[in-house]
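Good morning, colleagues. Please take a moment to look at the sequence and the model on the screen before I begin.

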Amino acid sequence: FEPWNDPDAKPLIEFDHVTKRFGAAVAVDDLSLGIYTREFFALLGPSGCGKSTLLRMLAGFEEPTGGDIRLGGQSLRGVPPYRRPLNMMFQSYALFPHMSVEKNVAFGLRQDGMARSEIEARVEEMLRLVKLEPFRRRKPSQLSGGQQQRVALARSLAKRPKVLLLDEPLGALDKKLREETQFELMDLQQELGLTFVIVTHDQEEAMTMADRMAVMRAGRICQVAPPAVVYEAPASRYVADFVGNVSLIEAEVESLSDGIATLRSPAGRIEAETPAALSPGQAVVFAIRPEKLRLSRGAPRAEAPNTLSGTVWDIGYLGDVTLFNIKLASGETVRSTLFNTARHAPEQIGWEEEVTLTFERDAGVVLAE
Ligand code: ATP
């Protein structure tokens, strides 16, 4: 499923140079983006980057100041929210406290004037879908956070929208329930063949669920790609830092040959595969993920490229992995992880111990900005 790589595929949703200003403040800045039918798409970024505003414009709660939003090739300009074939689920769930679960789910269908028997059948189907049949007569206050979340989901799916917009839908759930619900949402999306657009500031959530994600900053998109591409080949220092753990080593390009850049840094010499157009003398940053930095005891035996020496600064045992923060001779701190795959916890490298870090030429990325 990669319609974005198919030159003949046309996106279902198109943001075409969309700008949104609130007074002098620019919330969304000349943003263009296509989202495909049946895609699970995540908008990821820090608070205030404009992700909710983008979603609200798609839903019709805000009108763009400039540019156009199209759905199935048709401009949505001037189309009121209730006439758009999409539905939005809010973080607060916005359930009616005095209504039972069934009535909450049926609400939109009643408003549309659907026949009673049809409403009953649809509510039944929705309750089954989100596994809430035993709770049909309860009020929202008599449900757990996760159950309330499901009622909100059932209600937003009841009208069978083509597109479901989810604004931080799992924000109120605890970690374990959130993880379970992520997989349930993915299953549901597959089962119903819907297009999901989710807003989150939780990068793990975006990575787990999304087919593709857009990393945003200050009203603009920094990178749009499948999670693995964003993680393995971040487009900038900002993206590398925002998504997942990363070590950033300041360096300067010394030489280039055959797609290999040799970098000079206070931490040591780095050789890295790079497709980027760089020039000698250019300031860059080398970004590498913790699991790609191999850790071994003792100082390096000889000076060699991609071999850094350091001292263990912090150790965090997480069960499956142990994190090491390591201070390099240059003063920079890098992070390395060891997977605890042995049956018994291995003898650990200790605090303040001298260590050597090594990595392959294709282990990290060279970033010019
Ligand atoms: P969060 O994760 O905190 O919800 P966000 O990425 O969703 O953040 P938005 O809510 O889209 O960000 O806000 C983007 C910018 O637009 C912010 O600077 C915000 O203050 C501003 N903004 C949003 N709505 C309005 C409004 N109705 N009036 C004025 N400014 C607004």
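How many bridges join strand β12 to β13? Six bridges join β12, residues 260-265, to β13, and the two strands run antiparallel. Helices here are DSSP runs of H or I with at least four residues, strands are runs of E with at least two, and both are numbered from the N terminus. Two strands pair if DSSP finds at least two bridges between them.

Two remarks on the source are needed. This is a predicted model, in which local features need pLDDT of at least 70 and side-chain atom pairs count only at pLDDT 80 or more, while totals for chains, interfaces and linings use all residues. Residues are numbered from 1 along each chain as its sequence is written.

Let me stay with that sheet. Within the pairing of β12 and β13, Ser 265 has Gly 268 of β13 as its bridge partner. The sheet is open and has five strands in the order β13-β12-β11-β14-β20, with antiparallel pairing. The edges are formed by β13 (268-273) and β20 (364-367); each has a single partner strand, so one side of each is left without a neighbour in the sheet. On average, neighbouring strands of this sheet are turned by 40 degrees against each other, direction ignored. Axes are lines fitted to C-alpha atoms, for helices over the stretch in contact, and angles run from 0 to 180 degrees between N-to-C directions.

Another open sheet of five strands follows the order β15-β19-β16-β17-β18, with antiparallel pairing. Its edge strands are β15 (294-297) and β18 (333-339), each with a single partner strand, so one side of each has no neighbour in the sheet. From one strand to the next, the twist averages 45 degrees. Strand β17, residues 321-328, is joined to β18 by seven bridges, and these strands run antiparallel. There, Leu 323 has Thr 337 in β18 as its bridge partner.

I turn now to the helices. Two packed helices are described by the angle between their axes and the distance between the axes.

Helix α2 (residues 101-111) packs against α4 at an angle of about 25 degrees, with the axes 8 Å apart. The two are therefore roughly parallel to each other; angles under 35 degrees count as roughly parallel, over 145 as roughly antiparallel, 65 to 115 as roughly perpendicular and the rest as oblique. In α2, the residues that meet α4 include Val 101, Phe 107 and Leu 109. Their counterparts in α4 are Val 151, Ala 154, Arg 155 and Ala 158. Contact here requires C-beta atoms, placed from the backbone, to lie within 7 Å.

What is the crossing angle of α3 and α4? The axes of α3 (residues 116-129) and α4 (residues 145-158) cross at roughly 135 degrees and come within 9 Å. That makes α3 oblique to α4. On the α3 side, Arg 122, Val 123, Met 126, Leu 127 and Leu 129 take part, meeting Ala 154, Leu 157 and Ala 158 in α4.

Finally, the overall division. The protein is divided into domain 1 (3-237) and domain 2 (245-367), with bounds that come from an automatic or database domain assignment. The C-alpha centres of domain 1 and domain 2 lie 38 Å apart. Four residues from domain 1 and five residues from domain 2 make the contact. Thank you for your attention.

Technical notes
Two residues are in contact if their C-beta atoms, placed from the backbone, lie within 7 Å.
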